Amino acid sequence: MDALGSCGGAGGLWGWNGFNQRRKKKPSGDKGKRRNSGSSDSVDVSRDAGGYRFPLKQAVTAGALTFTGDTIAQLSGRWKKRTSLKQSSSELDEGELWNIFSEHDWIRALRMSSYGFLLYGPGSYAWYQFLDHSLPKPTATNLVLKVLLNQVILGPSVIAVIFAWNNLWLGKLSELGNKYQKDALPTLLYGFRFWVPVSILNFWVVPLQARVAFMSMGSVFWNFYLSSTMSK
């Protein structure tokens, strides 16, 4: 993604404002000095001088929705396991229901939500900024290009990063190569069937500021598959 960002301006990819170059009027007299020394100067510095601004809203949204997706996946997995053991009856008593909730793996939940907050949220928002800067016109050709680039570049990158993040937390980096060989390609191919239509809606209808949230909401359903892949 860094290499791609350099094509459209070094600042645009990660939230810098390098490509928003505006003319600066020379201040005249005391009024200009007061303007430059006032509180508005900090705003001008943050906007014009360049500087990384962490996309907190998108990061929190991605972290919360990733946590939700993992929680649903964990509860669903334990529910299926419990009901499969009770062959005589599909109903679970109150004690068993409590066990399903009390056995929650909070470390796994933290692992997934930290990925969403630190990596997926900021990274995907920067990616969508780059795509909108590179392909600004809302034409059918640009829509197809965005969806294609999303699947060819963002999709494999997300899978590579989340596999590495998961194995790092588990202390199994030495097994990462085997994990890629075993699960990366099937996960990617399965994901195409889900994410292609979601990406079309994302680029066609959803505004830039809401795209991380929209894709993260999609990941709630996607995590049913992805979380089970991580836990293998």
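This is a short talk through one protein chain, helix by helix and contact by contact.

Okay, so before anything else: what you see is a predicted model. The fold is easy to describe. The protein chain has 9 helices and 0 strands, so if you expected a sheet, you can stop looking, given what counts as a strand here. Reading along the sequence you just get α-α-α-α-α-α-α-α-α.

A few overall numbers. The chain has 232 residues, and 37% of them count as buried. Take the contacts with a separation of 6 or more: 75% of those come from residues 24 or more positions apart. On the outside, about 14,100 Å² is exposed, with carbon and sulfur atoms supplying 63% of that.

Let's go to the charges. How many salt bridges does the structure hold? There are 4, and I'll walk through some of them.

Start with Arg108 and Asp70, which form a salt bridge where the closest N and O atoms are 2.9 Å apart. This pair links distant parts of the chain, as Arg108 sits in helix H6 and Asp70 in helix H4, residues 56-85, with their positions 38 residues apart. Buried or exposed, these two, Arg108 and Asp70? Both Arg108 and Asp70 are buried.

Next is Asp132, which pairs with Lys146, the closest N and O atoms being 2.8 Å apart. Asp132 lies in helix H6 and Lys146 in helix H7, so this bridge ties together parts that are 14 residues apart in sequence. Lys146 has a relative accessible area of 8%, so it counts as buried, because the cut-off for that is under 20%.

Asp132 has another partner, though. Arg211 forms a salt bridge with Asp132, again with closest N and O atoms 2.8 Å apart. That one reaches across 79 residues, from Arg211 in helix H9, residues 208-230, to Asp132 in helix H6. Arg211 comes out at 5% relative accessibility, so it is buried too. Put those bridges together and, through shared partners, Asp132, Lys146 and Arg211 join into one network.

Now on to helix shape, where H7 and H8 are worth a look side by side. H7 has 31 residues, which at 1.5 Å a residue should span 45 Å; its end C-alpha atoms are 43 Å apart, so the span agrees with the expected value. There is still a bend in H7, about 35° at Asn150. Right after H7 comes Gly171, with a positive phi near 70°.

What about H8, residues 176-204? A straight helix of 29 residues would span 42 Å, but H8 spans only 36 Å between its end C-alpha atoms. Scroll to Asp183 and you'll find a kink of about 40° there, shortly before the proline Pro186. Asp183 is also one of the buried residues of H8, and that list includes Lys179, Thr187, Trp195 and Asn202 alongside residues such as Leu188 and Phe203.

Over to the surface. There's a nonpolar patch made of Ile107, Leu110, Leu168, Trp169 and Leu173, with about 480 Å² of accessible area together. Helix H6, 106-134, and helix H7, 140-170, are the elements giving two or more residues to it. Take Leu168 from that patch: Leu168 lies in helix H7, and with a relative accessible area of 46% it is partly exposed.

Staying in helix H7, have a look at Ala164. Ala164 is partly exposed as well, at 23% relative accessible area. Which residues does Ala164 touch, leaving out those up to four places away in sequence? Leu173, Leu176 and Tyr180. As for Ala164 and Glu175, they are 11 residues apart in sequence and 9.7 Å apart in space, C-alpha to C-alpha.

Last stop, Asp105, in the loop between helix H5 (94-102) and H6. At 34% relative accessibility, Asp105 is partly exposed. Leaving out residues up to four places away in sequence, Asp105 touches Gln74 and Arg78. The C-alpha atoms of Asp105 and Leu75 are separated by 9.9 Å, with the two residues 30 apart along the chain.

To wrap up, if you open the model later, I'd begin with the network of Asp132, Lys146 and Arg211, then go to the kink at Asp183 in H8. Happy to take questions.

Notes: Residues are numbered from 1 along each chain as its sequence is written. This is a predicted model: local features need pLDDT of at least 70, side-chain atom pairs count only at pLDDT 80 or more; totals for chains, interfaces and linings use all residues. Side-chain values use heavy atoms; hydrogens and water are left out. Helices (H or I, at least four residues) and strands (E, at least two) are DSSP runs, numbered from the N terminus. Buried means under 20% relative accessible area, exposed over 50%, partly exposed in between (1.4 Å probe, protein chains only). Contact means heavy atoms within 4.5 Å. Accessible areas come from the Shrake-Rupley method with a 1.4 Å probe; for residues, only the protein chains shown count as cover. Patches are made of residues with over 30% relative accessible area and no salt bridge: like charges are joined within 9 Å, nonpolar side chains (Val, Leu, Ile, Met, Phe, Trp, Tyr) within 5 Å. A salt bridge is a side-chain nitrogen of Lys or Arg within 4 Å of a carboxyl oxygen of Asp or Glu. The expected span of a helix is 1.5 Å times one less than its number of residues. The bend at a residue is the angle between axes fitted to the seven residues ending there and the seven starting there.
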